[in-house]
Amino acid sequence: MAGCTSRGSAIASADAATAATASGGSAKGDFGPPQGEPIHAVLTSPPNVPPPIHRDKPAKVIVELEVVEKEMSISEGVTYTFWTFGGTVPGSFIRVRQGDTVEFHLKNAPDSKMPHNIDLHGVTGPGGGAASSFTAPGHQSQFTFKALNQGIYVYHCATAPVGMHVANGMYGLILVEPPEGLSKVDHEYYVMQGDFYTAGKYREKGHQPFDMEKAIDEKPTYVLFNGAEGSLTGEKALMAKTNETVRMFVGNGGPNLVSSFHVIGEIFDKVQPEGGTHPQENVQTTLIPAGGAAIVEFHTEVPGSYVLVDHSIFRAFNKGALAILKVEGPEDKAIYSGKEVDSVYLSDRSEPNLKAVSTAAQAHASGKLTKEEQIAAGKQLFTGTCSVCHQPNGEGLPAVFPPLAKSDLLAATPQRIADIVTHGLSGKITVNGKEYNSVMPPMGQLTDDEVANISTYVLNSWGNPGGQVNKEDVAKVRANPPAAKAAEH
């Protein structure tokens, strides 16, 4: 009887595959029972991916995932209470084989404030598992599903209010490998975009609560890769060597925005849009919908820093959707001649880390911020925000941007720098006896303490008169904008 059952399942699977091929669809996985001893799934935290599966038979795979609510950094000096699968944003990466029977255990930590569940887009069944996994704090739920379709799928919490749970970081990816496995590559990475809605503005220091109105209006404060600004830059950048193949599993948790995923300086040799079966080749930018994912692959030819962005470009440079892949190895002048200029693309992420910014934020919160701490933080911020135009040495660009070094303008009115940084400056201006006629846009993306730190750094550098600008000084400047001027071009 067992043999008959097995043979019947095989025939049913073959018939399903034939029907799927005839209709242009994709074959489902093996409908037969799991074989061998149960396997406990290896789960990994981003950006790591579990190892490939080398099995020729479906198995029973046990997945144990815990929901943890925890306060973590969302940017330097800024914290947020995330709701997570596995303690990270995005949640743990899950890897199974098409045809596997997955026994899913969802645990909700005893100190959680909210009940949670999980909707896996790779599940065939009501709610993708959500209907069977509602879990109160201190409890666990269990359900089982058959991984019928290969692909890369988003999972997320679907407890009401669903948007709030997703916006707080409750999403991740599950890969259902085809029976033959994926092609061999040198590196696999896990990157997931999400939009976040905080009560305070971008980079406003301190603990920031969730803002429901911003979320409903779809106006995110941050758009981030892997849950934090700078999560994949500096010392935490992704790594590869020249002449290697990189595969990225790229998801978009949303809850609202569509991602225009792009790697500056690379062309995707292959993209599986929305995690589908049929790839596209030679792709520059791929759309990833909220609640969707893609697999992108490319080969590295020349060394350098390759910047991952959402090419809705203000999200990259003004909301945080930016990551780095550092490729090391010999140059190949026949392919690319050089010169690498990180600062143009990386903004303040050209710095190995922004530790001085965090130190200044913590010192300000405790009321012990010193001028030296402001100068150190201001230098790091200046490097990414101002140095492209004014140059790292403050000399500016002749006939284009006025110098900040030994500036007679700053010597005459040192406190004016906060006004210039905050509100911008355009039209004719004379500095050190030379006339300039250019436009500096308002640096509205900077918080009051960031303007104060940059201003203090400039005043104490390159032969300038010294002095100190504090957060309260900038707040007064911001509250009194100059009279509107005619548009410049």
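## Helices 6 and 7

In this predicted model, helix 6 (residues 355-365) and helix 7 (residues 371-385) cross at roughly 140°. Their axes come within 8 Å. Angles over 145 degrees would count as roughly antiparallel; helix 6 is therefore oblique to helix 7. The crossing of the two helices is left-handed.

Helix 6 brings Lys355, Ala356, Val357, Thr359, Ala360 and Ala363 to the contact. Helix 7 answers with Glu373, Ala376, Ala377, Gln380 and Leu381. By class, the contact of helix 6 with helix 7 holds 7 nonpolar, 2 polar and 2 charged residues.

## Helices 10 and 11

A second packing involves helix 10 (residues 416-423) and helix 11 (residues 448-459). The angle here is about 130°, and the axes lie 9 Å apart. Helix 10 is therefore oblique to helix 11. Helix 10 passes helix 11 in a right-handed crossing.

On the helix 10 side, Ile417, Ala418, Val421 and Thr422 make the contact. Val451, Ser455, Val458 and Leu459 do so from helix 11. The contact of helix 10 with helix 11 divides into 6 nonpolar and 2 polar residues, with no charged residues.

## Aromatic pairs

The structure holds 15 aromatic pairs. One of them joins phenylalanine 261 and phenylalanine 268. Their ring centres are 6.0 Å apart and their planes meet at 5°. Planes under 30 degrees apart count as stacked, so this pair of phenylalanine 261 and phenylalanine 268 is stacked.

How are the planes of tyrosine 457 and tryptophan 462 arranged? This aromatic pair is edge-to-face, with 80° between the planes. The distance from centre to centre is 5.4 Å.

## Burial and clustering

Is phenylalanine 261 buried or exposed? Phenylalanine 261 has 0% relative accessibility, so it counts as buried. Phenylalanine 268 also has 0% relative accessibility and counts as buried. Phe261 and Phe268 belong to one aromatic cluster, together with Phe225 and Phe298.

The edge-to-face pair has a buried ring residue and a partly exposed one. Tyrosine 457 is buried, at a relative accessible area of 8%. Tryptophan 462 has a relative accessible area of 21%. Buried means under 20%, so tryptophan 462 is partly exposed.

Note on methods. Residues are numbered from 1 along each chain as its sequence is written. This is a predicted model: local features need pLDDT of at least 70, side-chain atom pairs count only at pLDDT 80 or more; totals for chains, interfaces and linings use all residues. Side-chain values use heavy atoms; hydrogens and water are left out. Rings of Phe, Tyr and Trp (its six-membered ring) pair if their centres lie within 6.5 Å; planes under 30 degrees apart count as stacked, over 60 as edge-to-face and the rest as tilted. Buried means under 20% relative accessible area, exposed over 50%, partly exposed in between (1.4 Å probe, protein chains only). Axes are lines fitted to C-alpha atoms, for helices over the stretch in contact, and angles run from 0 to 180 degrees between N-to-C directions. Helices (H or I, at least four residues) and strands (E, at least two) are DSSP runs, numbered from the N terminus. Angles under 35 degrees count as roughly parallel, over 145 as roughly antiparallel, 65 to 115 as roughly perpendicular and the rest as oblique. A crossing is left-handed if the near helix is turned anticlockwise from the far one by less than a right angle, and right-handed if clockwise. Contact means heavy atoms within 4.5 Å. Ala, Val, Leu, Ile, Met, Phe, Trp, Tyr, Cys and Pro count as nonpolar, Asp, Glu, Lys and Arg as charged, and the others, Gly among them, as polar.
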